[in-house]
Amino acid sequence: MKNRINILLIALAWAFGGWLTSCSDDEGGAATAVLGTTDNLEFPVTEAVPAIISIASDGDWHVDTPDWISVTPSSGFAGTTDVTVTVSNNERDGVADLPRKYTLNFMGERKGSIFALTVRQEGDKFRDIQPSSIADVDAMEEESALQFKNLPVLAQTGKGFVGTDGKDFVYVTGDAAQARAGQVIDMLGTKMVNSAGLTEVKCDQLTDVKGGTVPDVTAVDITENIDSYKATKRTLVKATGIYDGTKLVISGKKTGISVVDNAVDCNMGKYAGHILTITGVYSGTASPVVNVIATSVEDLGLNEIIYCMTDFDNWWAAFADWKGSGANEEKELDCIACDNINCYLPNLTTPKKDGVSTADIVKEKGWTVKGSSTFQKMYLRLGATDKQGSITTPKMPDLGDGTEGVKVSFEWCPWRDKTPADGKAYDPVQVIVVVNKGGVETQFPVPTLDLAPGASLKWYPVEIELKGVALDKNTTVTIRPADDQCLPNFTNKGYFRFFINKIKVFKPGN
């Protein structure tokens, strides 16, 4: 405890010019700064052991308490003071009462000097609980206890279920959320809020499960207005487009549909390349997607067969807001978006989340990245300085034996040093697609780009048909600079770097 007090005093002395040196009350004067050794205390329902914390201040302080909390002493002077926090038993009629929470404010003369200590005491949060409607729950504060009675279940999902009263919708998750579509349930739960500010209920206990009727609700078709669609509560929506294996892509629209959870009978993995109408409960907008919990899927037929594709957005979503250190600490992680190559370009193997790097993720997905390459928020840069890079697909079992008419598509952009205002020329990289079938390589050149020096960074889409090659299950596809720009040939020495994203090997539907 003494070490903690000393650290606290040193920090406070540094912050206020080093004049906090005495514990004497002779100096007088209300505190302008108050600190404590912890800002949170939790106690059991009964037989709670008093807690001791240290308060450090540069002047006189005091604290006011409710009737169930006692702080001794409740006032002090400049320096440090050990205070004891005690709570009374939290019972009513001999059993646990509702949980209690209060914020103690240790304060001097002004608002800026307050040290806030939150005190919580356990209890029965469902005591005296009354049934609520979905609309009632939407209006509650986060962490409020709630009860549903006779809630129809619209769909069982991978993470829980969707309930509806015919007008409003609720998404229920948690280990206890085991209800199936068509059931009517009673439950106790806790209101939570997702990142979009929408209600998400944690199921604490199912208290009754029975058969019943689920109300019919008509979904709102947001296909045409998806680019501007937002809602303040859970609604049933639907949209039609092409499912690329990760999201629903809608022709002519910037925004797609991302399925964040789905009904257990909606196996989204089998729909890659299909035209779908996805119906689901709105779960927030996070450009460039509207998130939904899919309750049903209508398959309108095959648009294309997808044999292999990258999904960098999701593969390293944990790295999207990655920050470096030192000079890289505040840099962007998206050269294309900020149109400035003076951003953070970490090596694939260096930054790690829970011991996993982006290089580990790429390898786990079966892809191979060679050469000096770096990652960005949702794409790759292949090559660095005069060391060139490449990316190779895994083998694709669904190609079978002798599949023709296959295409490769991706987005790319050559590297350009400096900002647009500096007028730096782009790297004169000649990108090629290399098909390797049984050790025999066939090359397909990517059309070159005639970009003016200093032109803005942006994505350039490519689609190449692999004509004259019958692919099989052992075929791989590599995207890299041309032979004379790569080792071991590398006769055309120079810098041949480029960004790449959204790689897909596919066969269009009939």
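Is Cys413 buried or exposed, and what is its relative accessible area? In the predicted model, Cys413 has a relative accessible area of 0% and is therefore buried, the limit for that class being under 20%. The sulfur of Cys413 lies 9.8 Å from the closest cysteine sulfur, that of Cys335, which is too far for a bond. Cys203 likewise counts as buried, because its relative accessibility is 3%.

A disulfide is a covalent link between the sulfur atoms of two cysteines. One disulfide is counted in the model. The bond joins Cys335 to Cys343, with the two sulfur atoms 2.3 Å apart, which satisfies the criterion of a separation within 2.5 Å. Both Cys335 and Cys343 are buried. The torsion about the S-S bond of this pair is about -55°, so the disulfide is left-handed.

Analysis of empty space identified a largest pocket with a volume of about 1,400 Å³. The lining of this pocket comprises 41 residues, and those nearest its centre are Asp244, Thr246, Lys247, Asp313 and Lys502. Two or more lining residues are contributed by each of several elements, among them β20 (256-262), β22 (289-302), α3 (312-315), β31 (407-414) and β37 (498-508). The largest share, four residues, is that of β37. Classified by residue type, the lining of the largest pocket contains 17 nonpolar, 12 polar and 12 charged residues.

The second largest pocket has a volume of about 470 Å³. It is lined by 18 residues, of which Pro99, Arg120, Gln121, Lys125 and Glu143 are the closest to its centre. The elements giving two or more residues to this lining are β2 (40-43), β10 (100-106), β11 (115-121), β15 (183-193) and β16 (199-211). The lining of the second largest pocket divides into nine charged, five nonpolar and four polar residues.

The strand arrangement was also examined. Strands of a sheet pair through backbone hydrogen bonds, in either a parallel or an antiparallel manner. In the model, five strands make up an open sheet with antiparallel pairing, in the order β26-β29-β36-β32-β33. The edges are occupied by β26 (368-371) and β33 (440-445); each has a single partner strand, so one side of each is left without a neighbour in the sheet. From one strand to the next, the twist averages 20°. At one edge, β26 pairs with β29 (residues 389-392) in the antiparallel sense over four bridges. Within this pairing, Thr368 stands opposite Thr392 of β29.

Terms used: Residues numbered from 1 in each chain as written. Predicted model: local features only at pLDDT ≥ 70, side-chain atom pairs only at ≥ 80, totals over all residues. Heavy atoms only, no water. 1 Å grid on protein atoms, 1.4 Å probe; cavity = no way out; pocket = protein on both sides within 12 Å on 5 of 7 lines; lining within 4 Å. Points joined across faces, edges and corners; volume = space filled by probe spheres on them. Nonpolar A, V, L, I, M, F, W, Y, C, P; charged D, E, K, R; others polar. Pairing = 2+ DSSP bridges. Axes fitted to C-alpha atoms, helices over the stretch in contact; angles between N-to-C directions. Buried < 20%, exposed > 50% of the residue type's maximum accessible area, 1.4 Å probe, protein only.
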